[in-house]
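Trainee: I have a model open on my screen and would like a close look at one part of it. Could you start with a single residue and then work outwards from there?

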Amino acid sequence: MPLSVKIDTSFIVPLLQYLSKPSKELLIEITKHDAAIKTHKHALRFQKTRKSIGPFWKDIMKQLSKNKNLMNYVKDGLTYLHNETNRFNKLLTDLWNYFPEGTNQRSILYAILGYDIGIVSEGTALLNLGHPEYNKNPDEILLMSMHELHHVVYTAYNPIFDLNQVHRTNQLCDVIKYCTHMEGLAIYSILEQRRTAKALNNRDYRLFLDDRARKKRVSEFFDIFTKLEIRADTPIHKNDWKILDRMSDRERLWYVTGAHMAQVIESNLGRNQLIETMRLGPDDFFKTYHESF
């Protein structure tokens, strides 16, 4: 069994209790939960907060209290997860086909609220059931679970970086290569699952499956990346951090380009060669892609 997963929704209880009646005691209980600790570590690693865990979760709870639809979202999400356990297991088994031979890992999928749509942290996947995307299409709960669980295995082979340790352009290039590899493999690995579920309206898949949009983003990605590589080992400028925004949130460059690279490698060299890049890392992914034509 390459990856076994336990679904854990226990963190939802103290969160909802706090929202119902905030107290210092409940906030302390929240911060002691493994899901709270891993979420906070993720936020620190990616410079999304500088606050300690208590104030960090207090801020999240304050924002959650403004969401009048939250209780319905949570109820529907938990019900969906409970009712679709068999399908979850089937999708997970399919995902094994994109893991290196010899993978043997156990993980937990935590249900959380209020932070991102889904993340991987410290070998664990965490899914924000309060996110509106899951209410629009409940299938996204399972499909995003597979995306984040793919990251769980990826990060076991390739330990994730810490943005606080990135100071020079060559280190920034390494971050971009890492994210392009990690996100590209995850997107491509569940493409057929999304096709089967008729769930291709996700922005990354719409861009990836649109030839014109894909070519535009692949071209932009390599143009930006090559210019950054040419600067080699030089200090990062303040404006360089905007590159990460273009690569991720704004234009989805490393998501679309990474999936494109994965597809090219599998089409030209076979799935085994693609899977082996997970074991060998981002540098091998880029090298294999350029040698695959």
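Trainee: In which helix is Thr 155 found?

Mentor: Thr 155 is found in helix α8. Before we follow the chain, a word on what you are looking at. This is a predicted model, in which local features need pLDDT of at least 70 and side-chain atom pairs count only at pLDDT 80 or more, while totals for chains, interfaces and linings use all residues. Residues are numbered from 1 along each chain as its sequence is written, and side-chain values use heavy atoms, with hydrogens and water left out.

Helix α8 spans residues 139–157. Helices here are DSSP runs of H or I with at least four residues, strands are runs of E with at least two, and both are numbered from the N terminus. Thr 155 counts as buried because its relative accessible area is 14%; buried means under 20%, exposed means over 50%, and partly exposed lies in between, using a 1.4 Å probe and protein chains only. If we skip residues up to four places away in sequence, Thr 155 touches Val 120, Ile 160, Tyr 178 and Met 182. A contact here means heavy atoms within 4.5 Å.

Now move along α8 to Leu 142, another residue of this helix. Leu 142 is buried because its relative accessibility is 0%. Beyond residues up to four places away, its contacts are Tyr 80, Leu 81, Glu 84, Arg 87, Phe 88 and Leu 91. Thr 85 makes a handy marker on your screen: it sits 57 residues from Leu 142 along the chain, and the two C-alpha atoms are 9.4 Å apart.

Next comes a residue in helix α9 (residues 169–189), namely Ser 189. Its relative accessible area of 9% is why it counts as buried. With neighbours within four places left aside, Ser 189 is in contact with Leu 95, Tyr 98 and His 150. The side chains of Ser 189 and His 150 form a polar contact at 3.3 Å. That term covers a pair of N or O atoms within 3.5 Å; within protein, one must be able to donate a hydrogen and the other to accept it, and residues adjacent in sequence count only if both atoms are side-chain atoms. The Ser 189 side chain also reaches the backbone oxygen of Leu 185, at 2.6 Å. For another marker, Ala 262 is 73 residues away in sequence, with 8.8 Å from C-alpha to C-alpha.

Val 120, which we met beside Thr 155, also leads us to helix α3. His 42 has its place in that helix and is in contact with Lys 48, Tyr 115, Ile 119, Val 120 and Ser 121, leaving aside neighbours within four places. His 42 is buried because its relative accessible area is 9%. Thr 39 lies in α3 too, a helix of residues 34–45, and its 0% relative accessible area is why Thr 39 counts as buried. Beyond its neighbours within four places, Thr 39 has contacts with Phe 56, Trp 57, Ile 112, Tyr 115, Ile 119 and Leu 126. A polar atom of the Thr 39 side chain lies 2.7 Å from the backbone oxygen of Ala 35.

Tyr 115 and Ile 119 are among the contacts of Thr 39 as well as of His 42. Asp 116 lies in the loop between β2 (105–112) and β3 (118–121). Most residues other than glycine have a negative phi. Asp 116, however, has a positive phi near 60°. Asp 116 is partly exposed because its relative accessible area is 39%. A second residue with a positive phi, of about 60°, is Arg 252. Its place is the loop between α13 (241–250) and α14 (253–269), and Arg 252 counts as buried because its relative accessibility is 16%.

Finally, step back to the whole protein. There are 16 helices and four strands, and 53% of the 293 residues count as buried. Among contacts between residues at least 6 apart in sequence, 70% join residues at least 24 apart. The C-alpha atoms fill a box of roughly 60 × 45 × 35 Å along the principal axes.
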